[in-house]
Amino acid sequence: MTELLQAAQGQFQLSRYPLQARDPLRAWDAADELILHHLAEQPAPSEPPATLILNDSFGALTTALHAWHPQMQSDSVLAWRGTEANLRHNGLDPSSVKLLSSLDTPRGPLDLVLIKIPKTLALLEDQLHRLRPCLTPQTQVIAGAMIKHLPASAAELMQRILGPTTPSLARKKARLLFIEPDLSRAVAPPPYPTQYPLQGTPYTLLNHANVFSREKLDIGTRLLLQHLPSSPRFNDILDLGCGNGVVGLLAAQANPRARLHFVDESFMAVASARENFHRAFGDSRSATFVAGNCLDETPADSQDLILNNPPFHQQQTIGDHIAWRMFRQSRDCLRAGGELWVIGNRHLGYHLKLKKLFGNCQTVASNPKFVLLRSRKT
């Protein structure tokens, strides 16, 4: 659904990405409006400020401030695609914006930094450390969030890494934080990426800051790993929503002749999976690594086995639309006789969707919280 953002910078038709029919949510929130309102109240700059925008989920800030040719940095390829789509929809040139992954280095020095505070504080901490060398004492740094999504420790984190941090008054249930860079203070080195040994294996897993289950294996993945399939039929195996790549890594171990493919919408996840696979196998195994929107870039009829632990949220929004998209695309990307294995919470009812799509669904294993399902393309 497309809605109109009206701001001092102009009027912009914006949509969430990926597009969903009858999506009741907007592509921006009151924190975006508050940031734009604050900037409009400041004296107009004589020339476009060197601007970096962090965590702009669907490109609302980037689209509104396109005339400044900002850099937009995100860990999500969906944020890139949403930004590009909204710029085009408003007749704006996407090349006017420099898109950066969470592992890229912004071009500094910066005059203005706008931060939408992310759901994961570890990601924010990593971003602040990466941001610090690009600042000057004169850089204006503004962070914003809806109050219900603003962790109490976010201000402390910004103050510790960047400098004195002052909150604004609340408006429309949103709040801004104003940070004065103090580059003279000593700051402890960044703690990311982290590592932990994978129990029962010779592997140590590297995890960038925004990787799901960064400190240990989650319960669902443990169940899946206990039942990983092995067959000479599996020439191509895809780890969909790969995170740090542990599922694909152990699937490669169980299927020594298979080619592995890793896909995730998080740049940090894909980088972690690549590093972990290389540590385990060096150049002896064939693998591809894609930061993408589900299976948009995977050819039809190209996979024999897809392993999937689907997310049930996008940022703070809970829903099953991502899982549904993953399942539909998996059916298209599997070869005849290929299998989709899905691990999920029992209450999500994935077996109903899989049976509707594939015409079959078998329970491989379960525990009180999770269920492991298998569907075959006939």
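Visitor: What share of the 378 residues of the chain count as buried?
Guide: This is a predicted model. A residue counts as buried when its relative accessible area is under 20%. Of the 378 residues, the share that meets this cut-off is 53%.

Visitor: How many helices and strands does the chain have?
Guide: Both kinds of element occur in the chain. The strands number 20. The helices number 10.

Visitor: Why does the chain count as compact as a globular protein of its length?
Guide: The globule rule gives 21 Å for 378 residues. The chain comes close to that value, so it is as compact as a globular protein of that length. Its radius of gyration is 22 Å.

Visitor: What does the C-alpha trace span along its principal axes?
Guide: Three axes give three spans for the C-alpha trace. Together they are about 65 × 45 × 40 Å.

Visitor: What part of the contacts joins residues 24 or more positions apart?
Guide: The count takes in contacts with a separation of 6 or more. A contact here means heavy atoms within 4.5 Å. Residues 24 or more positions apart account for 68%.

Visitor: How much of the exposed area do carbon and sulfur atoms supply?
Guide: The chain exposes about 17,100 Å². Of that area, carbon and sulfur atoms supply 52%.

Visitor: How far apart are the mean positions of the positive and negative charges?
Guide: The chain carries 39 positive charges and 33 negative ones. Each group has its own mean position. The two mean positions lie apart by 8 Å.

Visitor: Which residue does a cis peptide bond join to Tyr 17?
Guide: Most peptide bonds are trans. This one is cis, with omega at about -5 degrees. Its partner sits in the loop between β2 (10-15) and α1 (30-41). That residue is Pro 18.

Visitor: Where does Pro 109 lie?
Guide: The peptide bond from Gly 108 to Pro 109 is cis, with omega near 0 degrees. Pro 109 itself belongs to a loop. That loop runs between β5 (98-101) and β6 (112-116).

Visitor: What is phi of Ser 213?
Guide: Most residues other than glycine have a negative phi. Ser 213 is in the loop between β11 (204-207) and α6 (219-225). Its phi is positive, near 55 degrees.

Visitor: Does Asp 301 count as buried, partly exposed or exposed, and which is it?
Guide: Asp 301 is not a glycine, yet its phi is positive, about 55 degrees. Its place is the loop between β14 (287-291) and β15 (303-308). Buried means under 20% and exposed over 50%. At 46% relative accessibility, Asp 301 therefore counts as partly exposed.

Technical notes:
Residues are numbered from 1 along each chain as its sequence is written. This is a predicted model: local features need pLDDT of at least 70, side-chain atom pairs count only at pLDDT 80 or more; totals for chains, interfaces and linings use all residues. Side-chain values use heavy atoms; hydrogens and water are left out. Helices (H or I, at least four residues) and strands (E, at least two) are DSSP runs, numbered from the N terminus. The radius of gyration is taken over C-alpha atoms; the globule rule is 2.2 Å times the number of residues to the power 0.38. Buried means under 20% relative accessible area, exposed over 50%, partly exposed in between (1.4 Å probe, protein chains only). Accessible areas come from the Shrake-Rupley method with a 1.4 Å probe; for residues, only the protein chains shown count as cover. Lys and Arg count as positive and Asp and Glu as negative; His and the chain ends are not counted. The place of a charge is taken as NZ of Lys, CZ of Arg, CG of Asp or CD of Glu.
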